[in-house]
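Visitor: Hi, I'm new to this. Could you walk me through a structure?

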Amino acid sequence: MPSFSRNRPDLILLHAPSVYDFRKRSIVYGPVSDLVPSTPIFEMYPVGFSSIASYMKKHGYNVRIINLALKMLLNPKFDVEKQIKKLKPKMFGIDLHWMPHCHGSVEIARLVKKYHPDIPVIFGGFSSTFFHKELIEYPEIDFVMRGDTTEEPIRMLFDIMNNGRDYSKVPNLTWKENGTVHENELSHVPVNLDGLDLGYKEVVRSVWRDMDFSGVMPFHDWVRYPIMATFACRGCNCNCVFCGGSNYCFNNSMKRKKTAYRSPKALVEEAKNISRLCRGPIFMIGDVHIMGREYAEAVIKGLAKEKIKNKIIFEFFVPPDKDFFDLVDDNLTDYSYEMSLESHDEEVRKAVGKGYSNTEIEEAIKNALSHENCERFDLYFLVGLPKQTYQKAMDVVEYCRKLYASVGNDKRLLTFVSPLAPFLDPGSKGFTNPDEVGYRLFYKTLEEHRQALLKPSWKYILNYETEWMTRDEIVDVTYDSALGLNAVKRDIGAIDKKTADITEDRIIKAKRIMEQVDEIIKEYPPEEVDARLFELKHEVDNSSMSTVCEKRELEWPIGLKMFNFKMLEVAKILINRGS
Ligand code: B12
Ligand code: SF4
């Protein structure tokens, strides 16, 4: 029977920093997280944590989320071992969802087992699914839950733990018994997602229950900029060759044959729930327009009907036509768009797996910006793609200058460039069939990636290079194209001069620190490199934050009153006293 113990949670979900002991190391992580809210420690936990917590709660199980990565970042004295030692759930869950966590997640599992040898440890997430065979061999890991949708199998695992312990009955589970590994079929891949939600209400409730705000806070700085997410689908219809969330990868690794969409009703309901908790922007994960007019109309009209005041951010995988932009503008007043083109070069984009033309994109941008209410259109470009030479990667700068000119230098258009880093996603076509698409892999196994994360700079951490660019070139062109794009945005006034000058200065310093790291590696024997690098820790840490652009450039403008006042005050008190 489920336990309802207030003090003994059934499951504690721990989120590890990418590199466990980042506070004691000096590593130039590089601009790997410049375009996401996290720092290079990747302190954001998967939204699936909330979904698991909410689902389990509905079935009578208590789940607590503890963002160890964030606690370590917020408080340099935070003692991870002490925290782990005093926890006593029936099971610990650790995400190895994003591959950059492969070092930290396994180290946290080691600490858990050191203090709680009898409490089982379960891993889950996309990278865990891909590397489940290797993960289960670590003595610290008892279970790996595979798949993109694990709420129900986790519930089944808990029921079975309380009743007979026949683990062979739990779908998606990799487990071991007396040294023998068992791999149950990955058969729980639901197409109907109704009944699953992100359960933010449950997460907020847990703040009061556990008196721990930083434990559930999604990322550093979230209180100032409380962006929330809701998801339209699990899976993706597109096939970008570098992506571990592509149709190809879902098909092979997660056994998902068909993208599962939530009903528009569920999506709107979730946005409504978010708006009751806070007024931060809501990022709609998954392209709602790809599902066709009827679906998009139901979502957008639904949001309007509920009078949701939060800003809504829509992402596109393919450029929508004029009708879509009209539909949004007819119904919503506070919205923004974002789209990743990967490259401005059609040949490169085609090699990535995206077939649309520049004309289609340029049309879409014009249509979007023709509406005054459209607050922004963010456009992303990547470095490290098939068929992308150094020159092609640099040419994005002039492309963007022309693009700005074509929309009358409209400052609502914001362009960003970043590297495909630190890793080409495991399970992507580029990872499983590198030769076919022109990638060369340096690391393949989980353990190789874990060791790579401890290398002195992101150049050595990168798990790939391409037929068209070496790792050195990928690093150089990342900084050089970012410098160029920064100058374009300064020239046309998309960012103010002061911000642009600061960014320029930071990119130049980051380039210099990369050279210094290489000099140290050349000059000193390997056993001395870490100590030499540590002398530069301050500069090294600064060189990986807001390098290719100022992080706040990414933020959609927000109003002052994001939370209800009481909630904000309590949050501040809990954070200040280190909770
Ligand atoms: C939304 C999204 C984001 C959001 C994050 C929202 C969030 N907090 O989760 C943003 C934009 C911030 C983001 C950032 C990044 N992302 Co991202 N992201 C996605 C995307 C588009 C959808 C994922 C999603 O929402 N799923 C739905 C939610 C509800 O489920 P879920 O969180 O996956 O959790 C379920 C399962 O994964 C599993 N699970 C997860 N954790 C655990 C733990 C345990 C113990 C168990 C049992 C189960 C379990 O069960 C959950 C419930 O069913 C996917 C692509 C795709 N098509 O799926 C990429 C994807 C996951 N991201 C990816 C990457 C690489 C990143 C970055 C590392 C990129 C970068 N360098 O900055 C960062 C990391 C951010 C960080 N940690 O700080 C890769 C991961 C490949 C890999 N194997 O490493 C993907 C596959 C594709 C891609 N390239 O974008 N991302
Ligand atoms: S990068 Fe491409 S394949 Fe991956 S989630 Fe985005 S659109 Fe889908």
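Guide: Sure, we'll talk about the sheet and then the two ligands.

Guide: This is a predicted model, where local features need pLDDT of at least 70, side-chain atom pairs count only at pLDDT 80 or more, and totals for chains, interfaces and linings use all residues. Residues are numbered from 1 along each chain as its sequence is written, chains are lettered from A and ligands numbered from 1 in the order in which they are written, and side-chain values use heavy atoms, with hydrogens and water left out.

Visitor: Okay, in what order do the strands of the sheet come?

Guide: The open sheet has seven strands in the order 2-1-3-4-5-6-7, with mixed pairing. Strands here are DSSP runs of E, at least two residues, and helices are runs of H or I, at least four residues, both numbered from the N terminus. Two strands pair if DSSP finds at least two bridges between them.

Visitor: Which strands stand at the edges?

Guide: Strand 2 (63-67) and strand 7 (180-183); each has a single partner strand, so one side of each is left without a neighbour in the sheet.

Visitor: Parallel or antiparallel, how do strand 6 and strand 7 run?

Guide: Antiparallel, and four bridges join strand 6 (residues 173-177) to strand 7. In one of them, Lys176 is partnered with Val181 of strand 7.

Visitor: And strand 3 with strand 4?

Guide: Those run parallel, again with four bridges. Gly93 has Ile122 in strand 4 as its bridge partner.

Visitor: Is strand 4 buried or exposed?

Guide: Both of its faces are covered: Val121 and Phe123 on one side, and Ile122 and Gly124 on the other, are all buried. Buried means under 20% relative accessible area, exposed is over 50%, and partly exposed is in between (1.4 Å probe, protein chains only).

Visitor: Switching topic, how many residues surround ligand 1?

Guide: There are 42, and the closest are Ser38, Met99, Ser127, Thr150 and Asp425. To be near, a residue needs a heavy atom within 4 Å of the molecule.

Visitor: What does Met99 do there, in terms of distance?

Guide: A backbone N or O atom of Met99 lies 2.7 Å from an oxygen atom of ligand 1. For Val47, a backbone N or O atom is 2.9 Å from an oxygen atom of ligand 1. Polar contacts like these are pairs of N or O atoms within 3.5 Å.

Visitor: Which residues surround ligand 2?

Guide: Cys236, Cys238, Cys240, Cys243, Ser246 and Phe317.

Key: Polar contact = N/O pair within 3.5 Å; in protein donor to acceptor, adjacent residues only side chain to side chain.
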